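User: I am new to this structure and would be grateful for a close look at a single helix. Please also set it in the context of its surroundings in the chain.

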Amino acid sequence: MLAVPEMGLQGLYSGSSPERSPVPSPPGSPRTQESCGIAPLTPSQSPVLHLQKPEARAPQQAPFSVVVAIDFGTTSSGYAFSFASDPEAIHMMRKWEGGDPGVAHQKTPTCLLLTPEGAFHSFGYTARDYYHDLDPEEARDWLYFEKFKMKIHSATDLTLKTQLEAVNGKKMPALEVFAHALRFFKEHALQELRDQCPSLPEKDTVRWVLTVPAIWKQPAKQFMREAAYLAGLVSREDAEQLLIALEPEAASVYCRKLRLHQLVDLSSRAPGSGRLGERRSIDSSFRQAREQLRRSRHSRTFLVESGVGELWAEMQAGDRYVVADCGGGTVDLTVHQLEQPHGTLKELYKASGGPCGAVGVDLAFEQLLGRIFGEDFIATFKRQRPAAWVDLTIAFEARKRTAGPHRAGALNISLPFSFIDFYRKQRGHNVETALRRSSVNFVKWSSQGMLRMSCEAMNDLFQPTVSGIIQHIEALLARPEVQGVKLLFLVGGFAESAVLQHAVQAALGARGLRVVVPHDVGLTILKGAVLFGQAPGVVRVRRSPLTYGVGVLNRFVAGRHPPDKLLVRDGRRWCTDVFERFVAAEQSVALGEEVLRSYCPARPGQRRVLINLYCCAAEDARFITDPGVRKCGALSLELEPAEGGPHAAGAPPSRREIRTAMQFGDTEIKVTAVDVSTNRSVRAAIDFLSN
């Protein structure tokens, strides 16, 4: 096959049949990108994939002494670590300074404060509290960022130049904002490691793990990696020391280690109660299964010896379960199958979910305030009194955490004095008058000078987000690949909400699905990311979320190819814009499996090859011009000068073969390349942020 027209005819050849002939590029072919010309050498015999089994090229793992995982969340973040000498002993980060009463401080708010000049000042509780104490006029010059992770997910044209807007409306490169935050965690973690283990060597000691939602696309994952490089977590030369972990996968890895007493079965909640009633242990739920498996002690012994928890030891090979990661910004779903005898995991359906996180409740509260006080006033107040707005959101967050499906009594939410004063100056009457005039009759003004909201009104703020989460779960359970699921693990920070727990159990419990919540539900992803860093091969098979491939020229076949795709050059008839797949959407790909392709530079002395990559959600796209197919990135090969010197007069130059190997079964798409003539590695990379 030949490359698509934008790369010129000196491009991708592939195919050994008459329809896919590896003929050389016609001389003098047009080319719009000088660096893009390549010629095909070793096509795939399969129309989809040529896979190299994982055993053929086992990657060499870099040595490390400790794994540090950073759970970079929408609303809260933290880190944890474990030493290679004792990988399952997970050390949580030190208690954070500051914080809210009644809230465990093993994480800190995802809040970043920069000086008016854009220099780093603080992160987390320290940033939030310092910003709160600034004079209102002074605060307008400081750059305060919160809940900014979702901007990366929602950006449709994410690049390294994407901007983030601070609370005061000022903008800054998103890459710098994320790098500031990651640098803070790096310094905090390394200092704690030095304090605990002064003899720990400085170089090549740490394997870093960053968590991202599984539904994030490749550009967002690459963006986090670029931010980590800028923050100094690792260098590009030591890229393998940084792993990207998918959040629901990390939770799954952790849950498989849990003992029965570390899990809560939501079906055991007493009817009509918002709290656990006479709790029934998960142990009793699986007592019957234990009796059935008593004669299968051999497989159980394997699982226990491989570090799998009691619950998983009672499950049989092939048992399936869903992990629903309900975080601040997204709901992230994955379906895994437990594989015996070693307890590895196989993904059964591509990651799914959407932007249904706890921030949806915050947005509903903001909309409620807009109905009462006017959307224009709320927008002005946020812009001119940003620190006071942060105070108001903190007050709401504290009450939001106490909401429950059967809570009795109203909730009081404190309004900052700045809000009350600013409203009177802007509107000419007080907030009590606004509440009386409002059509919102379930929010009153209390004698203590607070907003008094009925518990029903608070629960109503949850409903759009909670309903969205349940709809995503039900859509997943309807898939044929997910039939036979026995368990649903509810994890993530938002999974601590009694409102969400009750709604999920009420909606899904009737289907016979057992909904289970780990005791440390808010730390499940963080702890699982540490375990994943110690053994990233635990997830053995994943599903490709999209179809990936390249645009090529094939031999034109009348009746098979559209006439408008015909290109005639030097007497040869070619079909343009053919979409050649590397991997299909929803295809199972094992960790380490490689898609092999070989290319030849079009010109002697060519130093760089660029190959456009395309993707789509469909499995059967034929052309890169089909609806839904889009350019998503570029594969680049950086070539060293060819050895051998000049060729004899009249002798054609020898064809230089560059063999590439792409992996689609990891958390990131990876590529390596080798110059076949010298057996030397070629610098290869896929850039998803260049569009």
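Analyst: Helix α13 covers residues 386-400, and its length can be checked against expectation: at 1.5 Å a residue, its 15 residues should span 21 Å, and the end C-alpha atoms are indeed 21 Å apart, so the two values agree. The model is a predicted one. The buried residues of α13 are Pro386, Ala387, Ala388, Trp389, Val390, Asp391 and Leu392, followed by Ala395, Phe396 and Lys400.

For context, the protein chain contains 18 helices and 34 strands. Of its 691 residues, 54% count as buried. Among contacts between residues at least 6 apart in sequence, 71% join residues at least 24 apart. The chain exposes about 29700 Å², of which carbon and sulfur atoms supply 49%.

A strand offers another view of burial. In β19 (residues 411-414), Leu411 and Ile413 point to one face and are buried, whereas Asn412 and Ser414 point to the other and are not. In general, side chains in a regular strand alternate between the two faces of the sheet. Strand β19 pairs with β21 (residues 450-453) in the antiparallel sense over 4 bridges, and Met453 in β21 is the bridge partner of Leu411.

Burial also occurs in a loop. Lys107, between β6 and β7, has a relative accessible area of 14%; this is under 20%, and the residue therefore counts as buried. The side chain of Lys107 makes a polar contact with that of Asp71 at 2.8 Å, and a polar atom of the Lys107 side chain lies 3.2 Å from the backbone oxygen of Gly522.

Terms used:
Residues are numbered from 1 along each chain as its sequence is written. This is a predicted model: local features need pLDDT of at least 70, side-chain atom pairs count only at pLDDT 80 or more; totals for chains, interfaces and linings use all residues. Side-chain values use heavy atoms; hydrogens and water are left out. Buried means under 20% relative accessible area, exposed over 50%, partly exposed in between (1.4 Å probe, protein chains only). Helices (H or I, at least four residues) and strands (E, at least two) are DSSP runs, numbered from the N terminus. Two strands pair if DSSP finds at least two bridges between them. Contact means heavy atoms within 4.5 Å. Accessible areas come from the Shrake-Rupley method with a 1.4 Å probe; for residues, only the protein chains shown count as cover. The expected span of a helix is 1.5 Å times one less than its number of residues. A polar contact is a pair of N or O atoms within 3.5 Å; within protein, one must be able to donate a hydrogen and the other to accept it, and residues adjacent in sequence count only if both atoms are side-chain atoms.
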